[in-house]
Amino acid sequence: MSKFKLVIVAILSLATSFPIAGQTFGVGIVKDASGGELQLMSNQIMAEVEALTKGRQNVAFYEAEADWQKEKSGEYLLEFMNNPEIDLIVTVGLLSSDVAAVLSDFPKPVIAATTLDADLQRLPVITGRTSGVHNFSYIESPIDIKKDLEAFSDLFNAGHVSVVLPGKLYNELDYIRELMETDDNNMQISFVPLDAETSMDVTLPDGTDAVVMLPMTGHSTGDIQKLFSRFNSEGIPSLAIKGTDYLELGATVSYTPRFSFLQMARATATRIVEVIEGVNLSQIPVSANDETRRLVVNMESVRQINRFPAWAGMKDAVLMNVEKMPGEELGLHEAISLALENNLQGRITDNDLLMARQDVKIARSNVLPSVDVSGSAVQLSENLVEASMGQKGEFTVTGSAFLKQVLYSEEAFANIAIQKLVAENVKQSNRETMLDIVADVVEAYVNVLYGSNNLKIHNENLNANLQNLKIAEAREQEGAASVSDVNRWESEVNLSRMDFYDAEAAYKSAMYRLNQLLNRPVSQMVPVPQSVDLLKLIVEHQELLSQCFDDPLITERYADFLIEQMHRNSPELMKIRTAGDIAERKRKLYVRKSYLPEVALGAGADQAFVREGTIRNPQLPVPEPPDDITWNVGVSMRFSLFEGAKRKNELKRTVLEQEKIEWQKEELITNMQTGIRSTVQQLQASFKDLELAENAARAAEENFGMVQDAYVQGAVGVVELVDAQNMMIRTKTLAVNARYRYLLNYVDAERLQGDYSFLKDAEGHQEYVESLSKFLNLKD
C-alpha cells in the first residue's frame, strides 16, 4: 500500500446494530488530486462518517491520489477492489467518479461522490431514483449543464459562449465535449481549458459574448476572482456552474441548488453508513430531492458589465448584492471635499466674494491720486491769430497734465468702510453656503446608505417570500396545506417585488441627488463603503454625548453649549451684525456730511510743443507766450449747504433701518435658540431609539425564524408567518432608520452652532471636546 496513505479512525464498538459490529470497516477513497476542495471534501467525508458511527463501528480510511490522470484512477480502483481490507470505495473528483461510472462490474460497493451532469455522463437511474446497479450508486448533481447553458444564453442573448474549465478535466472528460452538440444552432460554443499556472493568461475566442465557468478545482480563489473581474471589466456576463460561492467572487449569474462539495460529502457519508448497516447501494436513491432550478443574479456584476438580463428570465430570480455599485468607493469626507470644490452654488458664492473684494478696491481708488493727461493740435484762422496779439499761432500742439488728490471726503471714506462691511457680509454668506453644502452632502450621502440598506432589506424580504412560496407549494403537494396558502404567498411575492422596485428607485434617486451636489454626471453610480461605521466617523466623542443624554439636565446644558458656540460662529448671526454695522456707518455719514467739507489737492501742468505762425503787434508791449512748462497747484474745498432735506430724510430712514435690524437680530437669535434646543431633544430621543430599534429587530428576526420553522411543521398558519415576516422587515427598517436619523440630527445640531467638529483636524477636535467637557463638567 505504498502508493497511498492509510488513515485509520479507530472507534470503540459499543453497539450491536451494525451487521459487522466489532470489525473494522474499510473505506477506500480515490481522488483526482490532493489539496484544495477535493482534499476538503475527502476530509469532510471522513469527519461525517466518524460522527455518524461514533461509538458503534470501527472505520478505517485508505486514500489514493491519481494526480489528475484517469488511468491512475482506474488502477487505484482495481487495487482497492482486490484489497481485502477495503469494504467500500468512494471516488472524489470528476475524473475518478467518471472512471467508476463506466465500470461494468462492481464486486464491492462503489460510490461516485462527484458527478457534474447525470444526463451528459449517462449515469443509470430507474424508478425510485436509484441506480438499479448492484453495489453502485452516485451522488446526483443538481446541475443540468445543457439547460443552464441554454437559459443563460437566452438571458443575455448570447451567440458565442466560451466554456472555461480546468485543462486537466478537459483533456480527460470526453462527455464535456458533447456540449458542442447542443440543439441550439444559433449558439456557438467554444472551450477554454486553463492550467493553474497560466490562468491569468486566458485568451477568449474572438466574438465571445458570454462565459460559462465550471468548478475550477486546482485553482486558487484569488485567481478565480481575478478571472471574473476581468470578464466584468470587458462587459462579458458569466455563468458559474458551481453556484453562489462564485457569485461572491464576481460571477454574474448562477442557479440553485448549487454544486456543493460539502453537501456531496454529507450525502456520501450518509450512504456509507447505510452500506455499513447492510443496505445495498442499488436501493439507495441517487438524489435526496427534486428542487427546481432557480436563477441567482449578482447585481454588482450586472452593473459592471452594463448588460441587464432579459426581463422574462428574471421573473422568479433571486438577487444578490443589489445594494453594491461598481467603481471606486466614495467616502463621506471625500464627498464633502468634492462638493466644496465643485458645487455650483458654492462656485457662485465664491464669485460673489471675489466681486465684493473688488468693490472694496474700487472704493479705495476714489481716495487715491488721479492723474489726467491730454494733448491737442489746433489750426486757427488768420484773424484769430491776429487778435491773439502773438499769444497763439496758426498751428499749435500742446500737452497738459492734471493731478487730483482727495485729502478728506467723508462720503469716500464711508464708502470704503461700507464696502468692507459688505465684503464681510458676503464672506459670511459664502460660509453659510459652505455649511449648507456640507449638511446637504451628509444628508444625501446618508440617504444613499439608507437606500442601499433599505434595498437590501426588501430584497431579503422578497427572497424570504419566494422561499415561503416554495415551502407552501411543497406542503400543498403533500396535502399538509391548501391552495390558499400558495395563493397568499404568490400575492406576498408580488407585493414584496413591488416594494423592492420602489426601494430601488429611491436608492437611485438618492444617488442622483448626491451627484447633483457633487456636480458630477447625474447618472453616475455611487458606490459607498458598507463596512465603515459612519456614526463613529462623524460622532467621534459619542461616549461624552452618551453621558450627556443619560441626564435631562445635562442635555439642556449641552444645548446651552451649542447656543454659546452659535453666538461665536453662526454666519447668519454675523451677517445680521454686519448689516447693523453698515447701517450705523451710513448714519454717521449723513450726520457728518452736514458739517464736514470735502477737501482736495489739485495740480496742473501745460507745455506747448509746437507754435507756428504767430503774428505780433510791435506797437503793443505784449510778451511772447512761454515756451517752457507752465504749472499750477491749489487746494479746493466743497461744502454742501442744502440738498432739499435729502440728508435729513436719509438719516431718518437709516435710524428706522437700524431698529429693524435689531428686531431681526432678536428674532434670529430666538429662532436659532429654539432650533438648537428642539434639535438637541430630537438628538437625545434618536440616541435612545438606537438600542430599542436594534433590540426590536433582533427579537423580530428570531421570532420569524421560529415561526417559519413552525410553519414548515404545520404548527402555525400562513397568517402568523406573514405577520412575523412583516414585523421583521418593519423593525429592520426602523433599526437602519434610527441609526441614520441620529446621525442627521447630530449634523443638524452642529450646523446650527455654525461649525462642524467632525471636519476639524485632530488638534481642533480635541480642543472642541475639551471645551464641551469643561462646559458640561463631565469627563470624556
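**Note on the second largest pocket, two sheets and the aromatic pairs**

1. In this predicted model, helix α21 gives the largest share of the lining of the second largest pocket, namely six residues. Helices α14 (410–478), α16 (534–538) and α21 (718–753) each contribute at least two residues to that lining.

2. The space in the second largest pocket comes to about 450 Å³. Its lining consists of 19 residues, and those closest to the centre of the pocket are N453, Q530, V736, R739 and Y740. By residue class, the lining of the second largest pocket is made up of ten nonpolar, seven charged and two polar residues.

3. One open sheet has four strands, which follow the order β14-β15-β16-β17 and pair in an antiparallel manner. The edges of this sheet are held by β14 (370–379) and β17 (630–638), and because each of these has a single partner strand, one side of each is left without a neighbour in the sheet. From one strand to the next, the twist averages 20 degrees.

4. Within the four-stranded sheet, strand β16 (residues 598–612) is joined to β17 by nine bridges, the two strands running antiparallel. One pairing that can be checked directly in the model is that of V599, whose bridge partner in β17 is M637.

5. The other sheet considered here is also open, but it has seven strands, in the order β8-β7-β9-β10-β11-β12-β13, and its pairing is mixed. Its edge strands are β8 (188–194) and β13 (318–320), each of which pairs on one side only. The twist in this seven-stranded sheet averages 25 degrees from one strand to the next.

6. A parallel pairing within the seven-stranded sheet is found between strand β10 (residues 238–240) and strand β11 (residues 253–256), which are joined by two bridges. In this pairing, A240 of the chain stands opposite S254 in β11.

7. The structure contains 15 aromatic pairs. In one of them, F228 and Y246, the ring centres lie 5.8 Å apart and the planes meet at 65 degrees, and since an angle over 60 degrees counts as edge-to-face, the pair is assigned to that class. The pair links distant parts of the chain, with F228 in helix α7 (residues 221–233) and Y246 in helix α8 (residues 244–247), 18 residues apart. Both partners are buried: F228 has a relative accessible area of 0%, and Y246 has one of 4%.

8. A further aromatic pair is formed by F687 and Y742, which is tilted, with 5.8 Å from centre to centre and 45 degrees between the planes. Because F687 lies in helix α20 (residues 646–712) and Y742 in helix α21, this pair ties together parts that are 55 residues apart in sequence. Y742 counts as buried, its relative accessibility being 0%.

9. The F687 and Y742 rings also belong to a cluster, in which ring pairs link F549, Y558, F687 and Y742. Helix α21 therefore appears twice in this note, as the element that carries Y742 of the tilted pair and as the source of six residues in the lining of the second largest pocket.

How values were computed: Residues are numbered from 1 along each chain as its sequence is written. This is a predicted model: local features need pLDDT of at least 70, side-chain atom pairs count only at pLDDT 80 or more; totals for chains, interfaces and linings use all residues. Side-chain values use heavy atoms; hydrogens and water are left out. On a 1 Å grid over the protein atoms alone, a cavity is a set of points where a 1.4 Å probe fits but cannot get out, and a pocket is an open set with protein on both sides within 12 Å along at least five of seven lines; lining residues have an atom within 4 Å of a point. Grid points are joined across faces, edges and corners, and a volume is the space filled by probe spheres set on the points. Ala, Val, Leu, Ile, Met, Phe, Trp, Tyr, Cys and Pro count as nonpolar, Asp, Glu, Lys and Arg as charged, and the others, Gly among them, as polar. Two strands pair if DSSP finds at least two bridges between them. Axes are lines fitted to C-alpha atoms, for helices over the stretch in contact, and angles run from 0 to 180 degrees between N-to-C directions. Rings of Phe, Tyr and Trp (its six-membered ring) pair if their centres lie within 6.5 Å; planes under 30 degrees apart count as stacked, over 60 as edge-to-face and the rest as tilted. Buried means under 20% relative accessible area, exposed over 50%, partly exposed in between (1.4 Å probe, protein chains only).
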